[in-house]
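Please read this report with the sequence and the model side by side. It takes up charged pairs, nonpolar cores and a few single residues in turn.

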Amino acid sequence: MQNPKLILFDSVVFNTTDKTMHILDGSLGFYDYRHIKRAVILNERANHRGKSTPFLAVVPKGPGRPGVLLYSFLYVGIKIVMADHSILAIYISKEKHRLERINIGKIKQRQKKS
């Protein structure tokens, strides 16, 4: 058996040998990443995290940023739709953030350093 090649991030670990991802923050568990249908980066309202299907309570986007006024705290994450239409979540931000203070570039840099 060959040694697994792992790609490590704060919230998920990819094993390229057995083609799985281990989600550490979000939809905890091991999943076959070959069955991912699509993925999108979203902002979820902080008061809904972990209380329902992931990313049903997303912060609205658009001109004027109406989400700032109504839903100022959020978590940044990746919504993954699998081939069987199940929805998984990987939370990128460990703490809730104010919408106007999120810097996706800094979050990505932190993930790369891990």
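## Salt bridges

In this predicted model, Asp25 and Lys94 form a salt bridge through their side chains, with 3.5 Å from N to O. The two partners come from distant parts of the chain, 69 residues apart. Asp25 sits in the loop between β3 (20–23) and β4 (29–32), while Lys94 sits in the loop between β7 (87–91) and β8 (97–98). Asp25 has a relative accessible area of 13%, so Asp25 is buried. Lys94 reaches 45% relative accessibility and is therefore partly exposed.

How many salt bridges does a search of the whole structure find? The search finds two. In the other pair, the side chains of Arg34 and Asp32 meet at 2.8 Å, N to O. Arg34 counts as exposed because its relative accessibility is 55%, and the cut-off for exposed is over 50%. Asp32 counts as buried because its relative accessibility is 19%, and the cut-off for buried is under 20%. As a general point, side chains of opposite charge can pair when their charged atoms come close.

## Nonpolar cores

The largest nonpolar core has ten residues: Val12, Met21, Ile23, Leu74, Val76, Ile80, Met82, Leu88, Ile90 and Ile92. Three elements, β3, β6 (73–82) and β7, give two or more residues each to this core. Which element gives the most? Strand β6 does, with four residues.

Another core lies apart from this one and has six residues. Among them are Leu42, Ala46, Ala89 and Tyr91.

## Ser27

Like Asp25, Ser27 is found in the loop between β3 and β4. Is Ser27 buried or exposed? Ser27 has a relative accessible area of 15%, so Ser27 is buried.

Not counting residues up to four places away in sequence, Ser27 touches Pro54, Ile87, Leu88 and Ala89. One of these, Ala89, also has its backbone nitrogen 2.9 Å from a polar atom of the Ser27 side chain. Leu88 belongs to the largest nonpolar core, and Ala89 belongs to the core of six residues.

## Val81

Val81 lies in strand β6. Its relative accessibility is 7%, so Val81 counts as buried. The list of residues in the largest nonpolar core includes Ile80 and Met82.

Which residues does Val81 touch, not counting residues up to four places away in sequence? They are His35, Ile36, Lys37, Arg38, Ser86 and Ile87. Ile87 is also touched by Ser27. Val81 and Val40 are 41 residues apart in sequence, and their C-alpha atoms are 8.9 Å apart in space.

## Positive phi angles

Lys19 is a residue other than glycine with a positive phi, near 60°. Lys19 is found in the loop between β2 (12–15) and β3. With 30% relative accessibility, Lys19 counts as partly exposed.

His85 is also a residue other than glycine, and its phi is positive, near 75°. Where does His85 lie? His85 lies in the loop between β6 and β7. Its relative accessibility is 55%, so His85 counts as exposed.

How values were computed: Residues are numbered from 1 along each chain as its sequence is written. This is a predicted model: local features need pLDDT of at least 70, side-chain atom pairs count only at pLDDT 80 or more; totals for chains, interfaces and linings use all residues. Side-chain values use heavy atoms; hydrogens and water are left out. A salt bridge is a side-chain nitrogen of Lys or Arg within 4 Å of a carboxyl oxygen of Asp or Glu. Buried means under 20% relative accessible area, exposed over 50%, partly exposed in between (1.4 Å probe, protein chains only). A nonpolar core is a set of buried Ala, Val, Leu, Ile, Met, Phe, Trp, Tyr and Cys residues joined through side-chain atoms within 4.5 Å. A polar contact is a pair of N or O atoms within 3.5 Å; within protein, one must be able to donate a hydrogen and the other to accept it, and residues adjacent in sequence count only if both atoms are side-chain atoms. Contact means heavy atoms within 4.5 Å.
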